[in-house]
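Student: I would like to learn how to read a few features of a structure. Please take them one at a time.

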Amino acid sequence: MKIRRALVSVHDKTGVVELAKGLAGLGIEIVSTGGTASLLRASGIAVRDVSDVTGFPEMMDGRLKTLHPKIHGGILARRDAPEHLAALERHGIPPIDLVVVALYPFEQTVAKPGVTAAEAIEQIDVGGPTMIRAAAKNHAAVAVVTAPSQYGAVLDELTRTGGALSGATRDRLAREAFARTAEYDAAIARWLSGVAGANEPQARPTAAGTSEPQARPTAAGTSEPQARPTAAEASEPQARPTAAEASEPQARPTAAEASEPAARSTREQGGLGGFASNPPSSIEFPVALTLRAERALSLKYGENPHQAAAFYQIEGSPAIGLAAMKQLHGPELGYNNLLDFSAALALLLEFDEPAAVVIKHTNPCGAAVAASVGAAMERAKASDPVSIYGGIVGVNRTLDRAVVQALAGIFVEILFAPAYAPDALDELSRTKKKCRVFEVPCDRHTLPERLPDYRSVLGGILAQHVDQADLDAAALKVVSRRAPTEAEMRALRFAWRVAKHAKSNAIVLTTAEQVIGVGAGQMNRVDAARLAVMRAREVGLRTEATVCASDAFFPFRDGLDVVAEAGATAVIQPGGSVRDEDVIAAADERDMAMIFTGLRHFRH
């Protein structure tokens with residue numbers, strides 16, 4: 001099919017000038033709108049304004065431009081229907097053979113922190129999707145192009161054929177066009193659902209995972225609420241229980257009481273497989289989920305050599321994280337490399353001060369902050385000088401020779417930073433030929449306030465929001481008799497950020513600047529505590545005067561006893577166990593400070 005006239009109207013101007021020059025060089029007339037027409041005209045390309053075709057000016061701040069019979073008639077007219085062609089002739093409608101439209105950037109707009117509803121709604125394209133769907137419907141006679149990534153192949157075929165596009169090409173472009181408008185509409189629906197969900201009151205889950213406030217049992221076993229001091233209040237002297245009070249037994253529920261259902265079961269509520277199908281989170285996620293992604297990399301292999309793998313970027317998502325990575329040096333990537341790279345970057349984004357992190361099998365084995373990334377790298381390496389071998393290493397400032405020297409003689413799979421000093425990069429290219437060196441943004445303040453997180457499971461996809469929650473100072477509660485010192489509080493904040501990125505069950509021992517020991521991915525919490533202590537001592541790090549972070553509550557006091565005997569002086573944990581009082585008593589026995597966050601950080 002010969003292309004004689006093209007309508008070009010794009011928000012993303014990437015490559016459009018080159019495309020239009022190629023079209024014009026083939027004698028194709030270009031009709032365009034607004035900013036696109038201005039750009040093409042300024043580039044020396046002859047353009048006919050849409051308003052000249054329709055006889056109406058653009059109006060309503062550009063909301064009304066192409067929604068006109070003289071545009072859509074030219075797109076929708078069947079070339080094999082004489083009555084359609086006669087209608088075009090009778091009403092002076094020029095046929096349009098190629099539609100090039102890049103939609104308003106709605107997805108990128110709503111991904112920006114602090115975007116208002118008015119700003120988001122203004123980026124909902126109306127005319128663009130209408131033209132795309134019209135052209136895709138009539139793809140027997142009209143070609144439709146919806147992304148700059150398609151320009152090159154389309155222009156190559158037009159040039160090779162003297163201005164024609166094959167039926168197979170038009171078919172493919174139509175499929176991609178409908179997928180694009182479906183994705184676009186789904187993004188709008190998701191955003192509107194999120195706005196609706198944000199405006200509807202929802203019960204906030206407690207650390208124990210329930211959606212109703214729970215009363216903490218008193219020492220006497222009652223269910224009356226018991227106030228705990230905040231971190232600020234904890235510095236005031238508190239009354240200590242007498243020996244008689246402390247020895248009073250706690251009431252335990254009877255077998256009959258324990259067997260009573262607390263609420264209607266999810267199976268009773270119905271739904272897929274007998275389980276609830278409309279929990280509160282359904283407000284946040286749509287009934288139909290449409291994801292469109294483009295293959296960005298073919299990977300060396302998957303988790304194991306017998307598995308094939310690729311890395312895809314979700315279209316319309318902000319260029320953050322691995323979507324913004326740039327490889328500067330080293331061999332091709334594998335599936336595990338990217339999993340670990342993502343985990344390392346997520347941990348590094350927790351810190352504003354100069355920091356270095358080391359990840360192995362998605363778990364932190366080293367992390368540190370210091371006055372410079374070189375000093376931080378030395379500390380992070382010392383956290384576990386054994387496990388750093390073959391790990392993923394990142395720093396959040398320009399990587400200089402001090403970092404390179406700290407890693408001398410150590411093989412790492414990936415090294416990443418937001419920028420590199422030229423002499424450091426030169427030394428890396430000479431001394432670490434098998435190391436994959438990446439440049440990637442490392443500023444957490446550029447992240448959207450909310451990011452989706454998808455994971456495949458056998459038979460489906462799980463969706464949630466990325467765990468971006470940080471400590472809420474107002475929600476922290478000192479539950480021990482002794483409040484943490486200022487130095488301990490700094491260390492607890494550091495430990496909590498690291499524990500958030502360790503696989504559950506996780507126990508992390510740190511100072512205020514360095515990871516000392518990590519116990520991650522254990523089936524019970526006491527083993528995680530033992531592992532954290534063991535790893536620290538095996539590499540020669542002192543566990544005395546450290547602090548401890550636990551990603552979830554201590555179900556028994558045994559895990560706390562392990563870190564206390566190792567010399568930890570303060571603990572931060574979510575709280576919420578039915579045995580919280582036992583754990584608090586254990587902390588008080590050892591004069592440990594303990595903070596409850598009310599926030600859990602499970603990671604599976």
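Tutor: Keep in mind throughout that this is a predicted model.

Student: Why is helix 19 (residues 558–565) described as largely enclosed by the rest of the structure?

Tutor: Look at relative accessible area, where under 20% counts as buried. In helix 19, 6 of the 8 residues are buried, so the rest of the structure largely encloses this helix. Those buried residues are Gly559, Leu560, Asp561, Val562, Val563 and Ala564.

Student: What covers the buried residues of helix 19?

Tutor: The cover includes both strands and helices: strand 17 (507–510), strand 19 (547–550), strand 20 (570–573) and strand 21 (593–596), along with helix 18 (525–538) and helix 20 (580–589). Just after helix 19, Gly567 has a positive phi of about 110°.

Student: Next, the sheet. In what order do the 5 strands of the open sheet lie?

Tutor: The general idea is that strands of a sheet pair through backbone hydrogen bonds, either parallel or antiparallel. Here the order is 3-2-1-4-5, and the pairing is parallel. Strand 3 (48–49) and strand 5 (143–145) are the edge strands, each pairing on one side only. Strand 4 (residues 98–102) is joined to strand 5 by 3 bridges, and Val100 stands opposite Val145 in strand 5.

Student: Which strands does helix 1 lie across, and which does helix 8 lie across?

Tutor: Helix 1 (residues 16–25) lies across strand 1 (5–10), strand 2 (29–32) and strand 4, at about 170° to strand 1. Helix 8 (residues 127–137) lies across strand 1, strand 4 and strand 5, at about 145° to strand 4.

Student: How do I read the packing of helix 4 and helix 8?

Tutor: Two packed helices are described by the angle between their axes and the distance between the axes. For helix 4 (residues 69–76) and helix 8, the axes come within 8 Å and cross at roughly 30°. Angles under 35 degrees count as roughly parallel, and these two helices are therefore roughly parallel to each other. On the helix 4 side, the contact has Ile71, His72, Ile75 and Leu76; they meet Thr130, Met131, Ala134, Ala135 and Lys137 in helix 8. By type, the contact residues are 6 nonpolar, 2 polar and 1 charged.

Student: Last, the cysteines. How many disulfides does a search of the whole structure find?

Tutor: The search finds 0 disulfides.

Student: Are Cys435 and Cys442 buried or exposed?

Tutor: Apply the under 20% cut-off again. Cys435 has a relative accessible area of 1%, so this residue is buried. Cys442, at 9%, also counts as buried.

Notes:
Residues are numbered from 1 along each chain as its sequence is written. This is a predicted model: local features need pLDDT of at least 70, side-chain atom pairs count only at pLDDT 80 or more; totals for chains, interfaces and linings use all residues. Side-chain values use heavy atoms; hydrogens and water are left out. Buried means under 20% relative accessible area, exposed over 50%, partly exposed in between (1.4 Å probe, protein chains only). Helices (H or I, at least four residues) and strands (E, at least two) are DSSP runs, numbered from the N terminus. Contact means heavy atoms within 4.5 Å. Two strands pair if DSSP finds at least two bridges between them. Axes are lines fitted to C-alpha atoms, for helices over the stretch in contact, and angles run from 0 to 180 degrees between N-to-C directions. Angles under 35 degrees count as roughly parallel, over 145 as roughly antiparallel, 65 to 115 as roughly perpendicular and the rest as oblique. Ala, Val, Leu, Ile, Met, Phe, Trp, Tyr, Cys and Pro count as nonpolar, Asp, Glu, Lys and Arg as charged, and the others, Gly among them, as polar. A disulfide is a pair of cysteine sulfur atoms within 2.5 Å.
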